[in-house]
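Please open the structure in the viewer and keep the selection tool at hand. The tour proceeds by stops, each naming what to select and what is found there.

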Amino acid sequence: MPQLEFKIDWVDAEGVRGPELSATWASLQITAGDSVVTRVLDTRARTVRDFVYVPIYPLAEWLATNWWFLTREFGSPAKEENPDFHRRHSLDANREGYAFPSVEVVSSGSWTHLTWKRDRSPWTKVEFLEQGEMWIDSEEFGEHCTDLIDRVIRRLVALGVDGTLLQDEWDAIRNADQDETRFCQTAAGLGWDPYALDDHGRNRVFLLADKLGELLGEAVPAVNAEDPSEDWIAIGDAVFKTKKIRSLPLDRIRSFRHEADRATIAEPQYRYLGPAVLGVFHRSQPWNVGYECAQRLRQHLNLDGQPLPTLPELAKALGEDAGSIRRVTRPPAAASGWPALVDGIITHSDDGNPAFAFRALRGDSQRFHFCRALGEVLLSPDSNTLLTRTYSERQQRNRAFAAEFLAPASGLRDRISRTVVDTDDIDGLAAEFGVSPHVIEHQIKNHRIARFSQALDSSG
């Protein structure tokens, strides 16, 4: 059974204005995993049913006109309260008076996050009863949406309806060549409609792609979309300077990476995301890739669940000099001019060693971000990249790596004997492992180690 399914049964429409609406009137059932997203209470009929009666055309048009946003615009703290981001990603902002469920779609790369909530549909007499969330493979999500759009277009053509916005938009998307696709993805990542840009806007997109190169994927959701030019200049300058003075040998990390590379030969059932993704299934969600990698590195370093609460202890475990780590984690003078969502840079020096630069951070955050960078050295060993506050797949992965490396689930389980933890427990564990209480809370929740007390739940 597919994770996501659109069930459509065409029905005759009586008194519906607009040929594209009349032609595509149907019963629509959306299922996501075990949840029926379209389960409603019909207050007029006083019944509960698993489908709604709507024209499918507005749904297909919303998917097509927002295609590049739904597939390439990642979330970030700056976008959480942005009404334009909500409009581009939420079906409830595009209902056009019909009983569509409240669904939000946000990609993080190769995974797409769907959320839906209980809601009363305005202008209709139905209430949506289901609420939940699901991560779905982005390629699979795209296939389901493509199938829905194609079905609607075939229906329109069969009933003699032509020249709609949906048909024109979908034709442009399907016929985009490689360069046009890359342009549209970059523009949409900034929150810009690629088909509404003037020549100046198009040139800014091309310049951004040219200046940032391989950093583009992580930089786009992190730069100031109002005027990204200052941000790309600051990033490029920081990478150039970092290469010269901020490298570390990280021999223990490299030896672990080489061992993991050799292990791929004996494990052909795995598909690797890169040279050293360390035996993680290709469909694994990004945080699970980060957890798995951190756990294997800890095993390699014989750390078990041992805390690494200070920078000297972390340096000793890695076989590095604490002073050298302090040097590379000390913020450069120009860090204050970085984009607000960029916390660090990972690149390579001329001798091939990993090189780093970080924004000014307090002690526990400094170690946490350095460990995020270690995750990138392992998982993307030959690429330059950024540490950002966005919710891209890469950033989810390296945050999970850092959390598990500094506050391993096994160590937390050894120390938590009760089924419910409170604020004092969280603060004590944070002090012992040298991380923020926020990291401890996430580790306990994500690894299902214990439940939170009512006071802690309500404060979160």
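Which residue stands opposite Gln29 in strand 2? Select Gln29 and look across to the adjoining strand: the residue opposite is Lys7. The model on the screen is a predicted one.

**First stop: strand 2 and its partners**

Select residues 25-32, which form strand 2. Strand 1, residues 4-10, pairs with strand 2 in the antiparallel sense, and seven bridges link the two. In general, the strands of a sheet pair through backbone hydrogen bonds, in either a parallel or an antiparallel manner.

Next, add residues 52-55, which form strand 6. Strand 6 also runs antiparallel to strand 2, and four bridges join them. To find one meeting point, select Trp25, which has Pro55 of strand 6 opposite.

Now add residues 35-36, which make up strand 3. Two bridges connect strand 3 with strand 2, again in the antiparallel sense. Ala32 has Ser35 as its bridge partner in strand 3. Strands 2 and 3 form a hairpin, with two residues between them. Select Gly33 in this turn; its phi is positive, at about 60 degrees.

**Second stop: the two faces of strand 2**

Show the side chains of strand 2. Which residues point one way, and which the other? Trp25, Ser27, Gln29 and Thr31 point to one side, whereas Ala26, Leu28, Ile30 and Ala32 point to the other. Are these residues buried or exposed? On both faces, all of them are buried. Since eight of the eight residues of strand 2 are buried, the strand is largely enclosed by the rest of the structure.

Select Leu28, a member of strand 2. Leu28 has a relative accessible area of 0%, and it therefore counts as buried, for which the value must be under 20%. Beyond its neighbours within four places in sequence, Leu28 is in contact with several residues, including Phe6, Ile8, Val52, Val54 and Phe100. As a check on distance, select Ile136 as well: Leu28 and Ile136 are 108 residues apart in sequence, and their C-alpha atoms are 20 Å apart in space.

**Third stop: an open sheet**

Turn next to another group of strands. Four strands form an open sheet in the order 5-4-10-9, with antiparallel pairing. Its edges are strand 5 (47-49) and strand 9 (119-120), each of which pairs on one side only. Select residues 40-42, strand 4, together with strand 5: three bridges join these antiparallel strands. Within this pair, Asp42 stands opposite Thr47 of strand 5.

**Fourth stop: helix 16 and helix 12**

Select residues 393-406, which form helix 16. With 14 residues, helix 16 should span 20 Å at 1.5 Å a residue, and this agrees with the 20 Å between its end C-alpha atoms. Because 12 of its 14 residues are buried, helix 16 is largely enclosed by the rest of the structure. Among the buried residues are Gln395, Asn398, Ala402 and Ala403.

Finally, add residues 286-300, helix 12. Two packed helices are described by the angle and the distance between their axes. Helix 12 and helix 16 pack at about 35 degrees, with axes 7 Å apart, and their crossing is right-handed. By class, their contact comprises 11 nonpolar, three polar and four charged residues. To view this contact, select Trp287, Tyr291 and Leu297, which are among the residues of helix 12 that take part, and Arg397, Phe401 and Phe405, which are among those of helix 16.

Note on methods: Residues are numbered from 1 along each chain as its sequence is written. This is a predicted model: local features need pLDDT of at least 70, side-chain atom pairs count only at pLDDT 80 or more; totals for chains, interfaces and linings use all residues. Side-chain values use heavy atoms; hydrogens and water are left out. Buried means under 20% relative accessible area, exposed over 50%, partly exposed in between (1.4 Å probe, protein chains only). Two strands pair if DSSP finds at least two bridges between them. Contact means heavy atoms within 4.5 Å. The expected span of a helix is 1.5 Å times one less than its number of residues. Axes are lines fitted to C-alpha atoms, for helices over the stretch in contact, and angles run from 0 to 180 degrees between N-to-C directions. A crossing is left-handed if the near helix is turned anticlockwise from the far one by less than a right angle, and right-handed if clockwise. Ala, Val, Leu, Ile, Met, Phe, Trp, Tyr, Cys and Pro count as nonpolar, Asp, Glu, Lys and Arg as charged, and the others, Gly among them, as polar.
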